[in-house]
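Hi,

Here is the structure I promised to pass on. Have a look at it first, then read my notes below.

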Amino acid sequence: MKVKNEHEYNNDYEYIGKPERNVNGVEKVTGAAKFCSDIERSRMLYGKVKRSPYPHARIISIDTSKAKVLPGVKVVIVGDEETAPLRFGAGVADEYVLARGKVLYVGDAVAAVAAETEEIAEAAVDLIEVEYEELTPVFDGDEAFSQNPPAILHEDLKNYTTIRSVPPRYADKRPNVFNYFRIRRDYDKNAFKDADIVLENRFEVAMIHHVQMEPHCGVAEIDGTGRLTVTGTTSKPYGMHRDISESRRMPSSTVRVIVPTHVGGSFGGREPKAEQIAASLALAQKGFPKRPVKMWLTREEQLMTSTTRARYIVEIKTGAKKDGTLVANEMTTILVGGAYAGTGYLTARNGSFGPAANYKIPHFKLDAYGVYTNQRMAGAFRGFGNAETLWGMECNMDMIAEKLNIDPLEFRLMNCTDEGDLNAFQEKMHSVGAKECLQAAARDIEWGKKPESPKEPYLKMGKGIALGNKYSLVPTASACFVKVHPDGRVELRTSTVELGQGSNTIFSQMISEEFKIPVSKVRVLNPDTDCTPFDLGTASSRSTFNMGNAIRKACADAKKQLFEIAAKELDVSVDLLVTAQSRVFVKDDPEKSLDISELFIPMVIGGYTLKEGGEILGKATYYLPGVMPDPETGKSSRPASFYMFVAQAAEVEVDIQTGKIKVTKMVTANDCGKAMNPIMVEGQQDGGVLSMGIGSALLEEVIVDNGVMLNPQFADYKIPTTLDCPDCDNYKSAIIETAHREGPWGAKGVGEGTMVSSAPAIANAIYDAIGIRFHEIPITPEKVLAALKEKEKSGRATFGGNHDKRLSDMENK
Amino acid sequence: MNNFEYFAASDVKEACSLLSRYGEEAKVLAGGQSLVSMMKQRLVMPSYLIDVKGILELDYIRYDEKEGLKIGASTTHRSIEKSPLIREKFPMLSDMELNLASMAVRNWATVGGNLCGADPASDLAPCLMALGAQVTLACASGERMVLLEDFIFDSFETMLREDEIMTQIQVPAKAARSGGIYTKFARRATDLGIASVAAHLTLDESDPDMCKDIRIVLGAVDTYPHRYKRAEDLIKKKKINDAVIEKAAQAVFEDCQPTSDTNGTEEYKREIARVLVIRNIKEAIARARSL
Amino acid sequence: MERMSLTVNGETIETQINPGTTLQKFLHDTLGLTGTKEGCGEGLCGCCTVRVDGKAVKSCIILALQVNGKSVQTIEGLAKGETLDPVQEAFLDHGAFQCGYCTPGMIMTSRSFLDENPAPSEKEIRYALSGNLCRCTGYHKIVKAVLSVDPKKEIVAK
């Protein structure tokens, strides 16, 4: 266990850091767990969507007359003033719940139906006739980014409403740019003056899908008073709450959002489109009573139309001295987004944090853009742009190390940030586990030791390593309530969504630690805007830190109330009291004690009450505004709440006759601050590396032709199976605990740092094996074979990523 | 799914009788691991479904030195996978099953259903063709035997008549000095193949370097699995060496007709086929020699 | 409508169904046994895995009528009263799940496999579970959990 600064934290806890069993585990292993998609309500209607077959078109007319009269059809809606009065969006409000005027991607929702059965709803959708006038689409990132793109998606972009706290910034001459962010640290034309070598390269990343095992689902219900409740698979209940109410001009408290305790994954991809359409269908009903409407995307619909990780273009120029010291780094990153910005607006900006914080680089320039293209929404994915930008950086760094004849591990150890270093935001870094992560990964992969000789002459082996980091965003706020029940049990009301990461379990552990009661005596409610207060969202690996801090504060508040009541009963001073095992007692005189139940007064007829205060209900907000980066330089003393570091190393076996790549060994070391529960941390590491890391590097790609996804099913969209991962003995994970002075018990987070360095670690290993540098992922067997044949023919050892192209080429057209 | 009428046949006679009545608009349901999925997507919309999965008399695996291996059409893939008999006599079949779909699918899907489905990327068909299999087709008026390599003749097309069901698959007894192997190249181990090769050969009794007989069958690189006779003729009755094997592989490279799709281009699939043929023939020889 | 009779989790059920009803829809929608989930509808992800006469099968590509007269076990029927099955306990011990959507299918496949092969190797387990997709766990803890149920070995340390 590593504690890295003067803020030492006691490691001797009763519940913190312990491998407690998942508190929701029994439901999950017995089939009792109910997911949103399991919801069945009496007289429920089923929703289906009419989608655009064109990537870019004007809607000339929509004829719903035949659909409306199909027996069993109850509601038919289109994008009009009644159904979709206002746009909504995470940062820029650019999206209507159903398209109005134009459709901007194949799959864009144009109309929707609610009917007695899914089959009837589908049949009704087929009966809706839409007339379109096709427009030229733009798919290519370079073209979309250019000053004269073949298509402009949002002509009126400058007049759209934007969010006040982190508003997007546009680029005057580039009409499809929906966000622009820049960093300039000590940068002028002499930036590379002291560099002995300069390497300039371009890298790309393919679009991939989150593939949450439960496809997106929403159930909208309107009660007898006309109040709307939406239950969904969203990871941001309050974000969805705002989008639903504000885009319909509904006062916010007239809408209720619920997320079940069981949600089938998120990984950053839960744009609440299904919930939004379900809400519109429910609200469009005439007459009483209103029937519930369920909108559940099919797997194919989910893969074809729901948000993905965006394609990325990364152009990078890095300079270093002969001895390996980094001198300067210049980057342009393009998040090739979809038709609506969604979370892409923030991802485009915040993907810059990874490169900004990885290394000590005195001269740093970065221009990050997000652009619209006529594809479905693309943006946030585990890593929030950082896996994509670090893909470029970590490949380039490996190439520099090679050119300088310095071991890639030593090169990184020499240059990585450490406690107290300034990053490119000129922020003084705190809680940095980079070195420890690198050393642990190197140890576990046996760095420096050649792989075992392969059995066949056509198999080549190699090892690679990569460093990464993931920030967690500011401004951020999390609130919670902690209730102490008369039976001595404690209840947490939080809007953090239990996605499987184990938030309910670690929050229970936190409360157990505060109240010294077993985890079995803690209950965590599921998110419900009627009783669980605001949380920014279960994203950005922020919940342990932010909600954890809110929980500590709320526990303190609850204990204060508890002790005030008990002090009166025990006739002692409040500050002498402590609580444990559902009792309150004087710390140095434990005989002087009361059971919590004794603090409540039994009332005639029934029940227990307090004399004043209502309940023992601790409340707290943990609000961390941070410091907004300077718009010109990005300078900020607190652009993020914290950084998680990660180092990963891979050993690969390449079949040079077929191009097949096997990851024979893979290791990860993640700096998460104090690990709340090692099983939960390991779970994040495992999934990040073995599913998405290997998947994104070698197997996964949303293959698109003219805006249409060609592989929207599991046969052809390939996520790793049990046979695609290294054996248990050949995969190792290390937990590095570099305490954060502001984290609850020193904790930070872990969720996303788990895959931001996986792809470059694998690609660097492939280079070690066969001497080819891949500039794009996924690295498929066909690409490997083509690259090997090219190398044999022309000596060229670079493949993919449009590495000969430059964004600036478009300016000359 | 469309509306259809369902019948469960309890024996071959009943199945044939139902088929002769409804044949044209009926589909035979065995494991249904392909059919049910296609019906859900409305790619296939039969008016009648005749369920033959329950025909227990067709669930068997038998072997004798004279008649060889006999497998009832209702036998599941999992039974093939776990049969010690098949593991001993025809290990290439056992190995092929390991990578066929998944265990749960193999628990339910039948070998008869697989062959009658005639998926271009079937794993079973190339294997059995390489082993010289024959299939028995029964109808109300009798039965006939057909070579498997003739039975499947186009994409999802077989010689099965509307009023027939497959009852048995028969493979000649294991010959001395014979060996075979099936490998499938796919992005993930249990995917449908990008290219798959079944190679089975018998060595000459007196000359271990001489190939007496060989069958090379590929799946996934054409509209249906079939033998590559031009390649076979380059090895059959010849002394086997690297150059001969390369020539045969080159013949396959030229003769196969893969199509480009999201799993690979035509050129890539050809090259994989070529590589697999070389590797598999070498392995088949090694296995033939090791006994 | 066709008549059918089957046992589900030990309970005899006599019912009439539309022939086009898959076993998964029958279990999940008609009987309300929501543990058997639809994850793809094509038999590729394994979320719908149940046991028919002890064998793991993909219920979303099996017509309910095909299990007429047979015995079906879903995840809800795995525990014996209040006592969880050793596979369920192993999953809990190892934290071999996260969101839990694939978990019922994963457990049913594991249970069926272990009944046939009580002392498997890791490779055999990976092959048995190759038809159950999981996005959260990377399978590492799942494989460890199933390995630990081996009666011939001691419970593997986490």
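Chain B splits into three pieces: domain 1 covers 5-51, domain 2 covers 56-171 and domain 3 covers 178-290. Keep in mind that this is a predicted model.

I spent my time on where domain 2 and domain 3 of chain B meet. Their C-alpha centres are 21 Å apart, and 24 residues of domain 2 are in contact with 25 residues of domain 3. Between them, the two domains bury about 1800 Å², with 59% of that on carbon and sulfur atoms. On the domain 2 side, the residues that lose the most area to domain 3 are B:Met92, B:Pro126 and B:Ala130, which together make up 25% of what that side buries.

There is charge pairing here too. I get four salt bridges between domain 2 and domain 3 of chain B. B:Arg227 forms a salt bridge with B:Glu149, and the closest N and O atoms of that pair sit 2.9 Å apart. The count of residue pairs in polar contact between the two domains is eight, with both partners at pLDDT 80 or more.

Which elements of domain 2 give two or more residues to the side that touches domain 3? They are helix H5 (91-98), helix H8 (124-130) and strand E8 (152-154) of chain B. H8(B) gives the most, with five residues. Taken as a whole, the domain 2 side that touches domain 3 divides into 15 nonpolar, four polar and five charged residues.

Cheers

How values were computed. Residues are numbered from 1 along each chain as its sequence is written. Chains are lettered from A and ligands numbered from 1 in the order in which they are written. This is a predicted model: local features need pLDDT of at least 70, side-chain atom pairs count only at pLDDT 80 or more; totals for chains, interfaces and linings use all residues. Side-chain values use heavy atoms; hydrogens and water are left out. Domain bounds come from an automatic or database domain assignment. Contact means heavy atoms within 4.5 Å. Buried area is the accessible area (1.4 Å probe) that two parts lose on being put together, summed over both. A salt bridge is a side-chain nitrogen of Lys or Arg within 4 Å of a carboxyl oxygen of Asp or Glu. A polar contact is a pair of N or O atoms within 3.5 Å; within protein, one must be able to donate a hydrogen and the other to accept it, and residues adjacent in sequence count only if both atoms are side-chain atoms. Helices (H or I, at least four residues) and strands (E, at least two) are DSSP runs, numbered from the N terminus. Ala, Val, Leu, Ile, Met, Phe, Trp, Tyr, Cys and Pro count as nonpolar, Asp, Glu, Lys and Arg as charged, and the others, Gly among them, as polar.
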